[in-house]
Every structure is written in C-alpha cells, then in structure tokens.
Amino acid sequence: MEFRLLGAVEARFNGRAVDLGPAPQRCLLAALLIDLNHVVPADQLLTRAWGDRIPRRARDTLYSYLSRLRHALAGAENVDIAHRSGGYLLTADPSTVDVHCFRQLVRSAREAEDDEHAAVLFGRALALWRGNAFATLDTPWLNQVRTVLAAERRAAELDRNEIELRQGRHGELLPGLTTSAAENPFDERLAAQLMLAMYRAGRQAEAIRVYHDTRSALIEELGLEPGRELVQLHQRILSADLPPTGPVTRSAVPRQLPVDILRFTGRKRYLADLRNGLESGEPPAAAITVIEGTAGVGKTALAVHFGHKIAHGFPDGQLYLDLRGYAPTAPLTTAEALGWLLRSLGLPAEQIPIDEQEQAALYRSVLAGKRLLVVLDDARGAAQVRPLLPAGPGCLVVITSRTTLTALDGARHLHLDMLTEDEALALLAKLTGDDRVRQEPDAASTVINLCARLPLAVRIAGARLAARPHWTIAALVDRMTDEQRRLDELEVGDRAVRASFAVTQQALATSADPIDRRAARTFRLLGVLDWLEISVPVAAALLDLPQHDTREALERLLDAHLLDSTAPGRYHTHDLLRIYAREAARNEEPEPVREAALRRALVTYLAAAEQATLLLTSVPHDAGAECTSPPHGGFTLPTPADAAAWVGAEQVNLVAAARQAAANKSTAALAVRLTASLTLPFEIRGHWRELVALRELAASTARQLADRRGEALACQDLGFAYTRFGRVDEAITAVRRALRIWREIGDRRGEPRALKYLGFAYFEQNRMDEAITCHQQALAICRDIDDRYGQAGALNALGLDYQRLGRFAEAIGCHDEALALNRAIGNRYGEASALGNLGWANLRAGELDQAVAGHQGALHLARAIGNDYQEAESLWGLGQVQQARGRLDEARGYWDQALTILHDLRALTAAAADTLRRQPIPDTPEIIQRNT
C-alpha cells in the first residue's frame with residue numbers, strides 16, 4: 001500500500017488506486033497519516049477533518065468513516081486503523097507515505113557524506129511532490145499543515161540549489177531559479193542563489209540587477225534593507241572576488257570489506273535506517289550502529305552490503321574484523337583484535353605495544369582525524385567491542401551481534417527481523433530461477449514459510465533446489481512438512497540451520513553466568529509445550545520457578561535473540577526455533593521432567609480459564625468442580641475486562657495446549673476440564689469455530705476416558721455451538737446424547753442446560769411448541785433445585801420463544817425476571833443478554849424508547865466485560881430502532897460498527913460485510929437472527 005499526500009490524497013494497492021470515499025473521509029486519512037503510528041485523539045480527528053463544521057452525532061459519523069477506511073485498506077500487509085484509549089491509530093511503514101519519505105530523504109540528504117549523494121537524495125525527495133499538499137481538501141488544520149509542508153519543500157529546494165551551485169551546475173539551475181525568484185521576490189536566499197548562478201554564467205550585470213530589484217522590493221513592501229549575506233555577495237560580485245567551484249575527488253585505503261553478498265535481496269527499510277545512522281554520533285563521539293538479530297537472519301550480509309554502498313563516503317578506509325563471538329572456536333580477545341586492526345592500518349608488528357591498554361590508546365591515536373568505516377562482525381558482548389571503538393567523530397562503526405548490546409553507550413540498535421514474504425520469494429527466485437517460482441507459486445510460498453522467512457534457511461532451501469534442477473518445489477515442500485525432519489532438510493555443504501541455532505544455545509549453556517545457564521534450560525523446556533506466544537506465568541510453570549526468576553531468564557533469551565517480544569511479559573519466536581527447542585527438550589530433558597512440566601503449564605491455563613469464567617458470569621461452568629490452584633501464582637485477572645482480554649490474547653495457545661493435552665494419555669483428563677472451562681469465555685469472545693473444535697475433541701476424549709459427566713458437558717456445549725452455525729440436526733443429536741447421560745447418572749443440575757440448548761435447536765427449526773416445552777422443563781427443574789443462574793438462562797430462552805410467537809408481553813415479563821435474577825447473583829454476562837433481549841422484545845412490540853434503553857444498557861455492559869458479540873448485537877438493535885424512527889443515516893452508523901465487529905470476530909467474511917454495507921437497508925446477519 002502506498003499513500004500520497006503531496007498532491008491529491010491518494011492510496012494505491014498493487015499499483016491500483018483505492019477508493020477513499022468522500023472528502024471528510026480523505027481528510028481523516030490525511031490526519032491519521034500525518035501522525036502515522038501515533039494515537040490521534042478523537043476530538044482532534046473531528047477538528048482536523050471538519051474544522052468548525054463538526055456534524056451532529058459526530059462520534060458515530062467518525063466511527064463510520066473510519067470503519068469504511070479500514071475496509072478500503074483491508075488486504076494491505078501491516079496496515080491497520082485501530083482504536084486506542086482516547087483516540088485512533090493508523091499503523092503502516094513510514095516508507096509507504098510520501099510525506100514521511102520526503103522528510104526522511106531530506107534528513108538523509110542534509111546528513112550525507114558528499115554533495116553528489118546529497119543532491120540525488122534531494123532530487124528523490126522533491127520528485128515526490130505532485131502539486132499542493134492535500135489538493136482539493138479544505139479545512140483549517142489541513143491548510144495549516146499545507147503551509148508548513150510548502151515551507152519544507154521550499155527549504156529543500158534551496159538546500160539542493162546550494163549543493164548544485166557548489167558542483168558547478170549553475171547553467172542547469174538558471175531557468176528554475178529565475179522563475180522561482182519572480183514568484184518569491186522577498187526571498188533573499190533565493191535571490192543570492194540566482195545572483196551567484198548568473199555571475200558564474202558570465203552574466204555579472206544581470207546578477208547585480210537581481211540584487212537591486214530584490215532590495216527595491218524589500219524597501220518598498222516591507223521597509224527593510226537586505227541582510228548582510230546578500231549585501232556581501234553583491235559586493236563580491238562587483239569586485240569579482242568569488243572562488244571557482246566543482247566536485248572534489250579523493251581516494252580511500254585500506255579496503256577490507258568482504259565481497260558483497262551475491263543475490264542480496266530486499267532489506268530496503270533497514271538500509272534506510274542504517275543510512276540515518278551515518279551522522280548519529282554526537283561530537284566528539286563516533287557514530288555506532290549495532291545490527292542485532294537471531295542466528296541466520298542475515299546480519300553480516302546486511303552489514304557488508306551496506307558497507308559497500310557507503311564506502312565512497314569514507315576516504316581513509318574500510319576495516320572489517322570477524323570477532324568470532326559465536327564461532328566454534330574461542331572469541332577474539334581484545335589484544336588479538338587490536339593487534340589485527342593496527343596492522344591493517346599499516347603499523348609494522350614491531351611498533352605495536354604488548355600491553356592491551358597501550359594498544360587501545362595507539363589505535364585511537366591512529367584513527368584520530370580520519371574518516372573510516374569499521375565493521376565488527378559477530379560480537380559476543382559490549383566488553384569485547386568497547387576498546388575497538390574510535391574516539392573521535394568522522395568514523396562509522398557497524399557491529400553485528402546475536403546479543404542485544406544494551407551496555408554499549410551511544411549506539412543505535414537495529415533489530416533485524418525475518419524477510420518479508422515478497423523479499424523471501426524474490427531471494428528464492430534468484431537462487432532457483434524465476435521460472436521455477438512462477439510455475440509453482442503456491443509451493444514457493446509454502447517453502448519460504450516453512451523456512452520461517454529466515455534468510456539462512458531460504459538460502460539453503462534455494463541452494464538445494466538449484467543443485468537439483470529436476471526436483472519440483474513441491475517435492476521439497478513434502479520433505480520439509482514433517483517437523484521432525486525439517487531441520488535435517490535445511491542443511492547443505494557447511495551451512496546448517498540447526499548448527500547455527502546450536503551455537504547460541506551452547507554459549508548460554510556453558511556460560512559462567514547462572515542466569516545464562518537458566519536461560520538455556522528455559523529454552524529447552526519451552527520445547528515441551530505447543531505455543532505461539534509464551535507468557536511469564538506459563539513459562540514459570542514449565543520451569544517450576546518463581547515468575548521473577550523466569551522473567552529474568554526469558555529476558556536473557558530475548559537479548560540472545562532466541563525469543564522476540566510483542567509486549568512486556570509476552571514472547572514469541574519463529575517455527576524453526578520452536579522445532580529446535582523441541583529437539584533440545586527431547587534430547588536433553590528426561591521424559592518424567594517433560595511430562596511434569598507439561599502438566600504444570602496445563603494446570604496454569606486451566607486455573608486461569610476457570611477464573612475467567614467466574615469473572616465473566618459469576619457462576620462456574622461446571623459448578624461441581626473445585627477451583628484449580630495454579631503453580632507460582634498463575635495469571636492475574638482482577639476484572640472481567642482483564643479476563644476477556646486474557647482469552648483474546650491466549651486463544652491460539654489455549655487451543656494448541658488443549659490439543660496437546662488430549663493427545664497425551666497422562667494429561668487427557670486435563671484437556672476435558674480445560675475445554676469445558678473455556679466454553680463461556682470463548683463464546684463471549686466469538687471464538688465459535690475454535691469452540692466447536694475443542695468441544696468435539698473433549699467429547700471424544702471423555703468417551704475414551706469413560707468420563708460421562710465430561711462427555712455430557714461437551715455434547716451439550718457442542719449442541720449450542722452447532723446451532724449457532726446452522727447445523728441444527730447435529731445439534732439435536734449432540735444435546736439429546738447429553739440429556740440421556742444426565743438422566744442416566746441422575747444429575748439434575750446438568751439436565752436443565754441440555755434442555756435449554758435442545759430448545760434452542762427446536763427454535764431454529766421453528767418447532768415452537770417443543771422449544772417452549774424444553775425451556776419450561778428447564779425452568780421448573782432449576783426452580784426445584786434453587787439454581788438461580790439456570791432459572792435466568794431458561795427465562796431468557798423462554799422469552800425468545802414468546803417473541804417468535806408475537807407474545808410480547810409474556811416475553812418482556814420473562815426477560816425482566818431474568819434481568820432481576822442475573823443482577824441478584826452478579827452475572828453481568830447474563831444481565832447484558834437479558835437487557836439485549838428486552839431491547840428486541842420492546843422493538844418488536846413498538847415500544848421504541850424502551851428498546852433503546854435495553855440495547856444501550858446491554859451495549860454498556862458488553863463493552864465493560866469485553867463481550868464483543870453482545871456489543872455487535874446491541875449495535876445492530878440500536879440501528880433497527882433508528883430505522884424504525886426513520887433516521888436511516890444514524891441507523892447505518894450503528895450497523896456499520898456492528899458489521900466491523902462481526903468481521904473482526906470472523907462471524908462475517910469481508911465480502912459478506914461489504915455486501916451488507918451496500919444494501920439500502922441491510923439484512924440482519926444470520927448469527928444475530930439466530931440469537932434474537
């Protein structure tokens with residue numbers, strides 16, 4: 001996705017223009033893009049887009065326009081508009097926005113090492129302009145920003161003119177300078193440039209005339225005399241006292257950079273960041289950049305390639321030294337490194353001191369006043385590189401390391417991530433041939449993803465295919481799909497992904513630092529559990545250590561780039577490192593240790609799932625089960641909102657953990673309990689597909705374990721979920737089985753929920769007499785055993801039955817009673833549901849004010865407890881009320897919000913949501929129809 005603001009506001013995706021909607025919508029996009037990757041408060045967005053003409057129901061209009069923008073930008077990688085506390089955030093790569101590109105290019109030009117390069121950068125920056133910024137848009141804020149950007153453009157043009165005048169390009173500049181000076185008669189700097197260009201073109205008289213014209217304009221219009229610089233230039237032209245100009249050429253030695261990487265691909269963003277660091281050193285310090293990243297990510301390749309790109313800017317030489325920080329042999333000592341560098345700078349061996357401090361002092365003295373590029377590759381730590389840094393300005397040091405060198409003062413840190421999908425595909429195509437990738441695009445995409453887009457792995461896969469021209473790419477996919485063999489396949493010659501990882505892991509395991517050794521064991525035990533993103537409580541359970549000690553070990557793995565972190569306390573890594581961790585766990589940890597670690601992690605998840613259910617409903621899903629006590633404190637979930645957020649954050653991990661638990665005989669019973677505890681939290685978050693898969697797994701596992709209660713719970717939950725998906729016959733079969741089990745084992749507390757879900761299935765088939773019978777039976781049992789939670793649920797279900805039959809007074813009575821019961825027991829989830837049902841019943845009864853009260857109450861509660869589905873349903877209901885009142889624009893605002901949430905919950909595809917948005921009055925989505 002490319003965004004253009006320096007002209008008409010445009011967005012282009014894969015070369016095609018994106019429809020950005022009406023002017024206010026484009027103003028909002030511009031307002032977010034100017035503050036890219038920063039939260040813009042909602043009030044500021046309204047002012048920026050509408051000025052003093054803010055529309056009625058401004059927040060709803062704002063949300064609607066932002067939803068449409070989000071939809072328009074859907075499909076672009078790493079582009080999103082998100083709501084944050086107090087405002088909205090547009091995230092995108094700054095290099096895709098012309099304003100930020102322009103500013104970055106101008107900064108780089110002003111920091112460039114030589115005029116030739118600076119002129120090129122200024123030219124690229126100015127070429128981004130297509131006219132006036134935000135052309136055709138008009139708000140006070142945009143006009144103000146437009147003025148600022150125009151001033152920045154003028155300053156860049158003047159800076160470029162200065163460079164080109166120094167390089168003797170006065171003849172090329174003269175036409176443009178003459179036109180600009182006529183348009184800006186009070187700009188003294190521009191007048192000076194025109195005078196200088198004319199003088200060097202042999203037009204001294206015209207240059208003097210420019211001075212007099214400028215002076216007259218300043219005096220007549222502003223009452224000012226020209227500044228000192230313009231007066232002095234005038235005097236020097238009169239006396240012909242100006243030196244010649246032209247580019248200067250210099251040579252550079254030594255040149256030690258290794259040969260540039262063959263088929264170097266992508267990394268444009270990182271190369272731009274490295275260029276930004278050329279002048280980052282504050283005098284009297286040298287500029288230092290550390291390229292950090294995991295094994296095989298291409299740190300050395302990037303450093304060497306960048307070194308070749310900028311070598312011309314370092315006329316006194318380029319030094320390269322492999323510090324062997326993570327090589328099989330011992331790392332270079334400081335004395336060895338300094339000796340090698342001094343010899344590289346031309347000092348005879350006999351002149352190099354033996355004492356390490358004297359070597360360092362001599363090294364700094366030799367570099368004083370020079371402009372050198374120093375590349376220090378594969379550093380083990382800050383202590384190893386600190387004595388090798390130049391003391392004064394003029395030098396650039398680029399360091400690569402698998403460790404985060406936080407103790408290196410004054411350094412810029414560049415974290416090198418995996419290749420993008422396009423970069424990885426381009427690299428594979430360069431290695432294997434474009435034709436092979438074009439012929440098997442899907443297989444090629446699979447290969448690079450199996451390689452985790454790790455450059456080393458992609459290069460090895462490409463090399464294997466290049467050496468086997470008769471293989472299809474699909475054949476390599478087949479060999480790599482088996483995780484137990486994947487690392488074996490990623491080995492060719494002296495290159496191996498496994499060996500690259502092992503060096504880092506072994507360095508930690510053999511370290512003298514106990515935290516390093518604990519980190520090595522942590523990495524192995526992470527291989528015991530299936531996870532996508534690990535959190536501190538789960539890792540602490542795996543290690544059987546306090547969370548503080550665990551966090552310390554995880555942070556050390558983060559520093560060693562065996563893990564990445566998305567947020568404080570949460571860590572992830574790529575598939576190849578996960579596979580390597582599993583291998584390490586199998587090879588180095590005894591089976592009883594692995595089984596105990598897995599059980600502790602599952603118990604931690606189970607305890608949190610039970611706590612989440614209690615917080616969200618105030619009643620446990622399985623009231624007969626005792627609450628689980630997690631090891632080492634587990635997760636902290638103080639509020640319902642925290643519980644809902646936890647479910648959202650851990651959803652993928654929970655599904656993976658449940659599957660792993662079910663596959664292991666010793667933990668299968670935990671899988672049944674875990675999935676039961678996740679039912680209500682997953683329902684509230686809208687994770688219906690995952691819920692179906694988990695409860696199908698639980699039903700099967702419970703049957704194998706002869707756990708009849710567990711099977712009944714799973715079957716009735718499946719019936720409810722199947723009904724949501726319209727699989728009503730399967731729902732009836734599943735719930736009848738649950739009901740039969742409850743009656744066979746004599747469990748009256750389980751029977752009402754099964755009856756309620758069976759009634760829902762009959763409701764879906766419009767078998768209303770049977771639905772009412774089931775719900776009345778459930779209500780009677782719950783009253784008989786004093787189950788107020790069950791009574792409330794049965795009353796809500798019965799109220800929906802009466803709504804279907806048009807018996808609205810009875811329906812409202814049921815929902816009112818359910819609301820009172822839920823409030824009495826503190827069940828906020830049930831309270832929101834009852835309020836929403838009251839909203840629908842009153843709407844159908846024509847009581848619109850009461851309908852609004854019901855839906856707004858439900859909406860408020862849903863947002864408080866994180867019940868996204870209920871939020872969408874309540875918004876849709878409010879839209880229906882506004883439609884009934886003839887306020888279609890307001891109705892559309894509510895419907896648009898609801899569709900966005902349903903799409904985010906994957907209850908609607910993007911195409912289905914788009915179809916509904918285009919309808920004059922959209923059909924009610926099926927998932928809402930079924931529930932209401």
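I will talk about two parts of this predicted model, a small set of paired strands with the helices that lie on it, and then a pair of helices further along the chain.

Let me begin with the sheet, which is open and consists of three strands in the order β4-β6-β5, with antiparallel pairing. The edge positions belong to β4, residues 40-41, and to β5, residues 80-84, and because each of these has a single partner strand, one side of each is left without a neighbour in the sheet. If we look at the pairing of β5 with β6, the latter spanning residues 87-91, we find five bridges in the antiparallel sense, and within this part of the sheet Ala82 stands opposite Leu89 of β6.

Turning to the helices that accompany these strands, α1, residues 23-34, lies across β4, β5 and β6, and runs at about 75° to β6. Helix α3, residues 58-72, also packs on the sheet, where α3 touches β5 and β6, and its direction makes about 145° with that of β5.

Now to the helix pair: which angle do the axes of α27 and α29 make where they cross? For α27, residues 591-617, and α29, residues 668-685, the crossing is at roughly 35°, with the axes coming within 9 Å, and the crossing is left-handed. On the α27 side the contact includes Leu602, Val603, Leu606 and Ala609, together with charged-class members such as Arg599 and Glu610, while α29 contributes, among others, Leu670, Arg673, Leu674 and Ile684. Taken by class, this contact has 13 nonpolar, three polar and three charged residues.

Note on methods
Residues are numbered from 1 along each chain as its sequence is written. This is a predicted model: local features need pLDDT of at least 70, side-chain atom pairs count only at pLDDT 80 or more; totals for chains, interfaces and linings use all residues. Side-chain values use heavy atoms; hydrogens and water are left out. Axes are lines fitted to C-alpha atoms, for helices over the stretch in contact, and angles run from 0 to 180 degrees between N-to-C directions. Helices (H or I, at least four residues) and strands (E, at least two) are DSSP runs, numbered from the N terminus. A crossing is left-handed if the near helix is turned anticlockwise from the far one by less than a right angle, and right-handed if clockwise. Contact means heavy atoms within 4.5 Å. Two strands pair if DSSP finds at least two bridges between them.
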